[in-house]
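These notebook entries record what I looked up in one structure, item by item. I begin with a pocket and then turn to aromatic contacts and the backbone.

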Amino acid sequence: METGVFSPSWKRTVMCGLISEGHVGTKITVNGWVRKRRDLGGITFIELWDKSGVIQVVFNPEVCPEPHERARGLRSEFVIAVTGSIRVRPDGTSNDDMATGKWELMVDDFILLSAAAPLPFEIGEVTDGVDENLRLSYRYLDLRRDKMQRNLRIRHEVARYTREFLSDRGFCEVETPILTKSTPEGARDYLVPSRVNPGTFFALPQSPQIFKQLLMISGTDRYFQIAKCFRDEDLRADRQPEFTQVDIEMSFLTEEDIYEMMESYMVGLFKERLEVELETPFKRISYKEAMDRFGSDKPDLRIPFEITDLKDVFCDGGFKPFEELLSKGGYVRGVVLPGGTSLSRRLIEEICERGKALGAPEMAYFQFKDGGVKGPLAKFLSDDKFRQLGTVAGASEGDVLFVMGHGDWNLVCSVLGQIRLEIARAHGHVRDSWEFLWVNEFPLFEWDEEDNRWVAVHHPFTMPMVEDLPFLDSDPGSVRARAYDLVLNGNEVGGGSIRIHDSSVQNKVFKCLAFSEEQAKERFGFLLDALGYGTPPHGGIALGFDRLAMLLTGSQSIREVMAFPKTAKAQSLMCGAPAGVDVKQLDDLFIKALPLPTKS
């Protein structure tokens, strides 16, 4: 079949999915992709698709014999232009699953604009049987699916809403540099060699953090940017080496200003996109409380049970290992699975084994059944202790309580927190709701065993809580940060802090991080200099734009809302990146590639 010339006479007059009652009896032209072709009773039917939707196109040999003959050569994803008249479908043939299912286009003529090679997979809504790597290799085909087109449209609408919301509140959108200075503190930087300045490197920004602080010093007052960021992180299933965040910074503010504005933003966004009414103010808890109750700094509040402290039960409960652990300041805690006694003993023990895989030395369980308690440690409980255990743990008849003891609070919390998530998801204990939460008062520092020094939990520009400032000199581990994370259904969708605007405090923080004056000057000298020229109190937040779009579209991965994502190995299967380069390119940059180490 010959390819025709696309002239003005073949330009579409209406998009496929926008055909309506008002077009009945009129001549139109549509352009698009052949999605399906059927031959019934000598008549050829095709579904013609563009990003707006699908319309049924009818080639009747009695009306258009020559176009009908040519239409027999059409296959899936051929691109065509069609002219004809819209009519109401005959009785009994309408398709309620299509927005345009009441009408069809009776063809007068068409031209082929582009043929398509045999497809690597069928383009439809069901891709469960298609390997994701194959989809990513042919992403331009995968994006033709209605679901992916919908995801991209929603992503666009979220960006539009964001720009309008912030612009209406006096924010100015400012672009910050992509080529900047490497400040290795946190994730690895992506480095870019400079040809003009041999032996030196730019870094791609992990965030616009320092630049947005400099904008506050410049008097910009309210800044935002939908910013592309880059992190050379170790492989994780749902992380991307390049991602997008909504970056926000304000001057002369406190945490309350951020809370109020972001809650207003989310209320409007969820009402516009999902017609969901969110309740404000969002709940707030400290990092310590989040870990104590949920074993996570991004707790999922849709799960109706929490971690409980069992110290009062086991400090004199008769089980010597727990008594000794508690006497030394250790922890015994547990989490209840409602209705868990319906599980087989094997499944219950598998949950305990999962706890061991997560780091617990052992995990015990108690079954509350037949009016009593059963389990490996049940024989150590008196009747009074059994009743106390049920009361303290919030367990009742039919429940299973999983218990862990250890001297490391973080380990106990994190293991039971993960067990809480997994058993809730596996056994249907996650409510269908939208649960927002602010988590604040994070530790400012955490101890890095490998480097034998304190490191910043968020970044080194976060302001300590005022009452904790004296501890910068005496006890850095007890200093809390004026930092906050916005959590939705167990996902961190945003994080930020009030920044340090006093150079003396900033120098103390650098000292806690074991930076010498020379190191601090070398890495952040321009910021330290700027802080000395009149810096307003300021702070902000960055929203994970990809993750927010993922949640709003009901997707399971951020890759489903990114046009051209990388794999979990940070590769682009479609274009074959990263890839080697010519030796001359390396020579121009004064770089030599070393051979890969051989496996011994």
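**Entry 1: pocket lining.** How do the residues of the lining of the second largest pocket divide into nonpolar, polar and charged? I worked from a predicted model. I recorded five nonpolar, seven polar and nine charged residues in this lining. The lining comprises 21 residues, and I noted Glu47, Val54, Asp97, Met98 and Asp146 as those nearest the centre of the pocket. For the volume of the second largest pocket I entered about 460 Å³.

I then looked up which elements contribute. Strands S1 (27-40), S2 (43-50) and S3 (53-59) and helix H4 (146-167) each supply at least two lining residues. The largest share, three residues, is that of H4. At the level of domains, at least three lining residues come from domain 1 (8-114) and at least three from domain 2 (130-252 + 537-586).

**Entry 2: aromatic pairs.** I searched the whole structure for aromatic pairs and obtained 24. I examined the pair of Tyr161 and Tyr265: the ring centres are 5.4 Å apart and the planes meet at 55°, so I classed the pair as tilted. Tyr161 belongs to helix H4 and Tyr265 to helix H6 (residues 255-274), so this pair ties together parts that are 104 residues apart in sequence. I found both Tyr161 and Tyr265 to be buried. I also noted one aromatic cluster, formed by Phe314, Phe319, Phe322, Phe366 and Phe380.

**Entry 3: charges over rings.** Which ring lies under the charged end of Arg35? I identified the ring of Trp49, with the charged end 4.6 Å from its centre. I logged a second case at Phe110, where Arg70 lies over the face of the ring at 4.5 Å from the ring centre.

**Entry 4: whole chain.** I counted 17 helices and 22 strands in the chain. The C-alpha trace spans about 95 × 75 × 60 Å along its principal axes. Of the 600 residues, 48% count as buried.

**Entry 5: Gly496.** Is Gly496 buried or exposed? I entered Gly496 as buried, because its relative accessibility is 6% and the cut-off for burial is under 20%. Gly496 is part of strand S21 (residues 491-498). I looked up its separation from Leu543, which lies 47 residues away along the chain, and recorded 8.7 Å between the C-alpha atoms.

**Entry 6: cis peptide bonds.** I noted a cis peptide bond from Thr280 to Pro281, with omega near -5°. Pro281 lies in the loop between H6 and strand S11 (283-286). I noted another cis bond from Ala577 to Pro578, with omega near 0°. I placed Pro578 in the loop between helix H16 (545-553) and helix H17 (583-588).

**Entry 7: positive phi.** Where is Glu441 found? I located Glu441 in the loop between strand S17 (436-440) and strand S18 (445-448). Its phi is positive, about 55°, although Glu441 is not a glycine. With a relative accessibility of 29%, Glu441 counts as partly exposed.

Phe590 likewise has a positive phi, near 60°, and is a residue other than glycine. I located Phe590 in the segment after H17. I entered Phe590 as exposed, because its relative accessible area is 60% and the cut-off for exposure is over 50%.

Key: Residues numbered from 1 in each chain as written. Predicted model: local features only at pLDDT ≥ 70, side-chain atom pairs only at ≥ 80, totals over all residues. Heavy atoms only, no water. 1 Å grid on protein atoms, 1.4 Å probe; cavity = no way out; pocket = protein on both sides within 12 Å on 5 of 7 lines; lining within 4 Å. Points joined across faces, edges and corners; volume = space filled by probe spheres on them. Helix = DSSP H or I, 4+ residues; strand = E, 2+ residues; numbered from the N terminus. Nonpolar A, V, L, I, M, F, W, Y, C, P; charged D, E, K, R; others polar. Domains from an automatic or database assignment. Phe/Tyr/Trp six-rings, centres within 6.5 Å; stacked < 30°, edge-to-face > 60°. Buried < 20%, exposed > 50% of the residue type's maximum accessible area, 1.4 Å probe, protein only. Lys NZ or Arg CZ within 6 Å of the ring centre and 35° of its normal.
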